[in-house]
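Here's a quick briefing to read with the model open beside you. Take a look at the fold, then come back for the details.

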Amino acid sequence: MTTSQTVSDAAQFHVRNIGGIDETSVVVEPGVTVLTGENATNRTSFLQAVMAAMGSNAATLKADADEGIVELTLDETEYQRTVSQTDDTVIFDGDTYLDDPDIAERFAFLLEGNNARRAVSRSADLREIIMEPVDIEEIKRKISSLESQRSEIDEKISDIESKKQRLPELEKRKENIESKISKKREELSKKETEIDESSRNISDSQEKEAELESKLDELRSTRSDLDSIRQQIETQRESIESLQAEHEENKTALSELSSTPAAKLTRLEQQINSLRDDRQALNAEISQLQNLIQYNEDQLEDGEYNVIGRISDDVNSKTDTEESSSGADAITDRLLADENTGSETVTCWTCGSAVDREQIEATVDQLKSVRADRVQSLNDVKSDLDSLKSEKREIESEQTRRSDLESTINRITQEIDQRKKQLETLKEQRKELTATIETLETEVNELESESFEDILSLHREANEVEFEINRLESDHQSVSNKIESIEAAIDRIDTLESERKTIVNQLEDERTKIDQIEHEAVEQFNAHMESILDILAYENLDRIWIERTQNKVRSGRQKIEQTVFELHVIRTTASGTAYEDTVEHLSESEREVTGLIFALAGYLVHDLYETVPFMLLDSLEAIDSNRIAALISYFSEYVEYLVVALLPEDAQSINKEYARITDI
């Protein structure tokens, strides 16, 4: 279990014109800092100032001010944030501690309206709240990239293994060429000896012999050039054939791709944007409905009807509220019970009229039904959005593939044209060299005479042997180069396999990252929930835990499995019998504690203790003071700076060693 790292530096804040604060300077020491005071003493305003220094835009500007400032000095670094307003627009500017405060707002700044903290009481999707900061699309992109890298390495290793199988054949061929070269050199040596012996018998032929020798050398060199040109011609032909085959393969692959109009992709993007707007609107409507349902249920449960009635009487006594009163009467008319029903009547908290309690409950049930419909609509929108995103990715991938194929086809076409031009040039050179050889052979024949017939024949034979040796040596060099290339590639197999192993490990990490985060979040919540329940000792509440299950949900026309976090509540009867209760039956205090522990699990699973030094808490009044003290002590183990806003009566039970701030 990860605990916070202790730091020695105090955080110094200077705040002006934020919330209800005129101007104040506050020093927050490492550990727990308690902001104690009655309501409307700027405790929440200071917490918003801390959030603003971190990078949040949750702070509000003082009503009578043009500009607000929050200055933070921490670890010898100064940060300054300004808040100003132009018309209806609030502008934030300056340097902040966090580049992106989004995840801190989710799991570190646990003010009253925090989504993670309120997830349990609002019956929100716990798994979605934990996983929302995770960029799943980025994980998918990394997986795709790693799979491509792995495939590329596999192809390289397969190519090397294929070449490795050719190595024995090449070694044998090399030995065979070396043997032929050795024999040819022996043959040339014998010819040169015969030439030397024949030359001694000719006394007056040196001039003609020199001329003949020159012609023979030129003939041998020209034949060597011709052979080289022939090999180049053959190489170019093979390359052209290979390129033409590759060209046809790419054209076939291109023809198999479907053609997607650009208008369809534009339409998909418009549909995706529209669905995103629908999702945002539905989320807002569901949140509003839940708040309205919760408020009405709390009023029904608390039974504080007469208070609202007295307020309504006061309001109705003023002449300037006639229009508002008529609106309240309209609401009440929908809630009034029939006089003959004999049902219990209560004072409506919207208008102060006597209303049948059952009618209010029926209206609340209708609101719940509407909320359920909106939740189903939201799930449908999410499913359609995922389907459209998948379709868009497929189209974009196909477009990329089409572009790559077209580029490859153009490149191959250009290379084929270039090689054809080179081939024509080589053919011209071959034609010229063939003509030169014919001329040289004619000249050599003219220099021959009866007295030179034997020696000329020996020179010709020696030239042919030398030409054969040169050709064999060229083949030997080519085979040796291939062997060296294969051996060098074989030496790289270990490196490639090591790289592949690293990529496979990274691929496994990315593929299991979502599963790991989900698993760790459940473990963190369950472990901390078990510990805190032991400490707080709620009556007959044995356990609250999350079960990670797989449910089938609709995605487009298909049903897919989706991970769900199911919250379970275990209680015991007076006789010691354990039974599973519902989340709705948790007391307000139990719900608050469960929500805070869920937020702590998110704080830990996303490693915020490494980047976000502050955790903020307020609105803990639903929890009794002794349990607040135990809860703060528990949280302080995991946070560098824990800043808590408490009423004076709740602060009395807090550890006296904690720093206290009473004047802001």
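What follows covers one helix pair and two individual residues.

Keep in mind that this is a predicted model. The helix pair to look at is H13, spanning residues 588–605, and H14, spanning residues 625–635. After that come Arg591, which sits in H13, and Thr363, which belongs to H10.

**How H13 and H14 pack**

- The two helices pack at an angle of about 5°, and their axes are 12 Å apart.
- With angles under 35 degrees counting as roughly parallel, H13 and H14 are therefore roughly parallel to each other.
- On the H13 side, the contact is made by Val593, Leu596, Ile597 and Leu600.
- H14 brings Leu631, Tyr634 and Phe635 to that contact.
- Sorted by class, the contact of H13 with H14 has seven nonpolar residues, with no polar and no charged ones.

**Arg591, also in H13**

- Arg591 is part of helix H13, and its relative accessibility is 16%, so it counts as buried, the cut-off being under 20%.
- Setting aside neighbours within four places in sequence, Arg591 is in contact with Ser121, Gln294, Glu584 and Leu586.

**Thr363 in H10**

- Thr363 lies in helix H10, which runs over residues 357–447.
- Its relative accessible area is 28%, so Thr363 is partly exposed.
- Thr363 and Asn296 are 67 residues apart along the chain, and their C-alpha atoms are separated by 9.7 Å.

Conventions. Residues are numbered from 1 along each chain as its sequence is written. This is a predicted model: local features need pLDDT of at least 70, side-chain atom pairs count only at pLDDT 80 or more; totals for chains, interfaces and linings use all residues. Side-chain values use heavy atoms; hydrogens and water are left out. Axes are lines fitted to C-alpha atoms, for helices over the stretch in contact, and angles run from 0 to 180 degrees between N-to-C directions. Helices (H or I, at least four residues) and strands (E, at least two) are DSSP runs, numbered from the N terminus. Angles under 35 degrees count as roughly parallel, over 145 as roughly antiparallel, 65 to 115 as roughly perpendicular and the rest as oblique. Contact means heavy atoms within 4.5 Å. Ala, Val, Leu, Ile, Met, Phe, Trp, Tyr, Cys and Pro count as nonpolar, Asp, Glu, Lys and Arg as charged, and the others, Gly among them, as polar. Buried means under 20% relative accessible area, exposed over 50%, partly exposed in between (1.4 Å probe, protein chains only).
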